[in-house]
Amino acid sequence: MLLSSMLITASAAVAGLLGCIHMLYTFHGNKLHPRDPAVRDAMMADTPVLTRQTTVWRATKGFNASHSLGVILFAAVYIYLAGWHAGVLQASKFLLVLGMATLLTYLALAKVYWFSIPFRGIALACVLYAAGLGAMALA
């Protein structure tokens with residue numbers, strides 16, 4: 001396997017691990033619950049202005065799960081491409097730019113809205129991906 005493919009695979013694996021941990025925390029344990037139980041109770045009892053067909057709590061669970069799924073899908077696609085179809089990935093500027101743009105967008109979201117652990121994890125994924133692009137350019 002080419003160095004560039006290994007670096008992009010490692011980048012996607014870091015992102016995928018973060019996505020899997022987030023999915024686990026979404027449905028198991030209390031790591032994503034509000035610290036104040038009254039806030040959780042209020043979220044379970046109230047509905048968004050948009051619709052009365054769900055609660056704020058259920059919508060939050062769904063948003064977290066779909067967010068995790070998106071990161072896991074990103075990881076699966078880029079691990080597959082880099083690991084088994086490196087030529088396709090290397091030949092597609094669109095896919096290469098899309099991967100970097102996706103990671104940089106997650107990095108910006110992590111900086112503005114999340115906390116240090118996902119920010120550092122996504123920063124690592126960005127560095128690995130960029131190194132993969134650099135190795136590709138040098139090859």
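**Cavity, pocket, core and cysteines in a predicted model**

Q: What is the volume of the largest cavity?
A: The model is a predicted one. The count of cavities of 30 Å³ or more comes to one. The volume of the largest cavity is about 60 Å³.

Q: Which element gives the most residues to the lining of the largest cavity?
A: The lining consists of Y25, T26, L32, H33, W57, T60, K61 and N64. Two elements, α1 and α3, give two or more residues to this lining. The one that gives the most, with four residues, is α3.

Q: Which residues are the closest to the centre of the largest pocket?
A: The largest pocket has a volume of about 610 Å³. Its lining holds 24 residues, and the elements giving two or more of them are α1, α3, α5 and α6. Closest to the centre of the pocket are H22, L32, W114, F115 and P118.

Q: How many helices are there in the protein chain?
A: Read along the sequence, the pattern of the protein chain is α-α-α-α-α-α. There are zero strands, and the number of helices is six.

Q: Among contacts between residues at least 6 apart in sequence, what percentage join residues at least 24 apart?
A: The C-alpha trace of the protein chain spans about 55 × 30 × 25 Å along its principal axes. For contacts in this chain between residues at least 6 apart in sequence, the share joining residues at least 24 apart is 64%.

Q: What part of the exposed area of the protein chain do carbon and sulfur atoms supply?
A: Of the 139 residues in the protein chain, 36% are buried. The chain exposes about 8,700 Å². The part of that area supplied by carbon and sulfur atoms is 71%.

Q: Which helix gives the most residues to the largest nonpolar core?
A: This core has 25 residues, and those touching the most other members are I8, Y78, L89, L96, L103, C126 and Y129. At least two core residues come from each of α1 (3-27), α3 (56-84), α5 (93-113) and α6 (116-138). With seven residues, the helix that gives the most is α6.

Q: Which residues is Y129 in contact with, leaving aside its neighbours within four places in sequence?
A: Y129 is one of the core residues that touch the most other members. With neighbours within four places in sequence left aside, the contacts of Y129 are L7, I8, S11, Y78, L95, L96, G99, M100 and L103.

Q: Is S4 buried or exposed?
A: S4 is placed in helix α1. Not counting residues up to four places away in sequence, S4 touches Q90, G132, A135 and M136. The relative accessibility of S4 is 5%, and the cut-off for a buried residue is under 20%, so S4 counts as buried.

Q: Why is C126 in no bond with C20?
A: A disulfide is a covalent bond between the sulfur atoms of two cysteines. The cut-off for such a pair is within 2.5 Å. The closest cysteine sulfur to that of C126 is in C20, and it is too far for a bond because the distance is 18 Å.

Q: How many disulfides does the count come to?
A: C20 is in no disulfide, and the cysteine sulfur nearest to it is that of C126. The number of disulfides is zero.

Q: Which cysteine, C20 or C126, counts as buried?
A: C20 has 43% relative accessibility, so C20 counts as partly exposed. At 7% relative accessibility, the residue that counts as buried is C126.

Conventions: Residues numbered from 1 in each chain as written. Predicted model: local features only at pLDDT ≥ 70, side-chain atom pairs only at ≥ 80, totals over all residues. Heavy atoms only, no water. Core = buried A, V, L, I, M, F, W, Y, C linked by side-chain atoms within 4.5 Å. Buried < 20%, exposed > 50% of the residue type's maximum accessible area, 1.4 Å probe, protein only. Contact = heavy atoms within 4.5 Å. Areas by Shrake-Rupley, 256 points an atom, 1.4 Å probe, with all protein chains shown as cover. 1 Å grid on protein atoms, 1.4 Å probe; cavity = no way out; pocket = protein on both sides within 12 Å on 5 of 7 lines; lining within 4 Å. Points joined across faces, edges and corners; volume = space filled by probe spheres on them.
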